[in-house]
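Morning, everyone. Please look at the structure on the screen while I talk.

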Amino acid sequence: MVDSTFTANSTDAIDNDIDIDIDTLDNDNDSNSTAETIEPEVKPHLILALDYGVKKMGMALGNTITQTARAFDILAMNNGQPDWDNLIGIIKVWGVAQVVVGLPLNMDGTSSMLSKRAHKFARRLAHRIMEQHLPVTVSLCDERLTSIEARGIAWDNGWIKNERDPIDDISACILMSTYFADPNSSIAIDAIKAE
């Protein structure tokens with residue numbers, strides 16, 4: 001289930017909540033065009049939720065109009081680092097307007113080693129997005145207990161058969177639901193001082 005590649009024409013990734021114009025990606029009128037030169041428009045209603053992890057990162061796409069989220073993918077991570085080109089490519093192709101990164105705080109609200117790494121990842125992501133001149137904001141949102149809740153939901157619905165089956169993308173959906181419940185609880189990465 002862990003996939004570190006992304007294809008823009010994947011029919012598995014397209015649903016009614018997400019509008020992507022495949023014709024603009026497969027521009028047959030200009031044989032010299034490449035996917036790198038096409039700049040899909042940013043869709044202000046699309047949010048990408050990332051459940052950060054050192055070995056893998058769950059992803060969910062959220063729609064602010066319908067207030068819904070759907071599991072999108074699980075990316076392989078190399079000691080907390082994604083394939084940056086792939087991640088930025090996903091943001092560009094889908095026209096995501098905002099990225100919400102889960103902040104795994106301790107139950108008492110204090111920072112953990114993993115939350116410090118997630119914060120650093122979010123800062124790096126914001127910097128890479130800025131370098132690409134993309135109008136995308138990055139914010140952090142408290143994700144305490146999302147993995148526990150995701151495992152319970154996945155188990156109850158029969159989506160997993162083993163306790164070790166990945167649920168990171170479901171955790172990202174729960175993160176998105178947390179954000180939708182209180183968007184003001186997230187903090188934009190440029191408003192946060194580095195720890």
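How buried or exposed is Ala-76? Ala-76 is partly exposed, because its relative accessible area is 30%. The cut-offs are these: buried means under 20% relative accessible area, exposed means over 50%, and partly exposed lies in between, with a 1.4 Å probe and protein chains only.

A word on the ground rules. This is a predicted model, where local features need pLDDT of at least 70, side-chain atom pairs count only at pLDDT 80 or more, and totals for chains, interfaces and linings use all residues. Residues are numbered from 1 along each chain as its sequence is written, and side-chain values use heavy atoms, with hydrogens and water left out.

Back to Ala-76. Its place is in strand S3. Asp-73 sits in strand S3 too, which spans residues 68-76. Helices (H or I, at least four residues) and strands (E, at least two) are DSSP runs, numbered from the N terminus.

Asp-73 is buried, because its relative accessible area is 13%. Now take Gly-58. Asp-73 is 15 residues from Gly-58 in sequence, and their C-alpha atoms are 6.2 Å apart in space. For Ala-76 and Gly-58, the separation is 18 residues in sequence and 9.1 Å from C-alpha to C-alpha.

Next, the whole chain. It has 5 helices and 6 strands. Along the sequence the pattern reads α-β-β-β-α-β-α-β-α-α-β. The chain has 195 residues, and 43% of them count as buried.

Contacts next. A contact means heavy atoms within 4.5 Å. Take those between residues at least 6 apart in sequence: 69% join residues at least 24 apart.

How confident is the predictor? pLDDT is its confidence in each residue, from 0 to 100. The chain's mean pLDDT is 74, and 66% of its residues reach 70 or more. Among the elements, helix H2 (residues 84-94) has the highest mean, 93, and helix H1 (residues 22-25) the lowest, 35. Over residues 1-35 the pLDDT is below 50, and this stretch has 53 contacts in the model beyond near neighbours in sequence.

Last stop, helix H5. It covers residues 168-181, 14 in number. From first C-alpha to last it reaches 20 Å, close to the 20 Å expected at 1.5 Å a residue. That expected span is 1.5 Å times one less than the number of residues.

Why is H5 largely enclosed by the rest of the structure? Because 11 of its 14 residues are buried. Among them are Ile-170, Cys-173, Leu-175, Met-176 and Phe-180.

Methods. pLDDT = per-residue confidence, 0-100.
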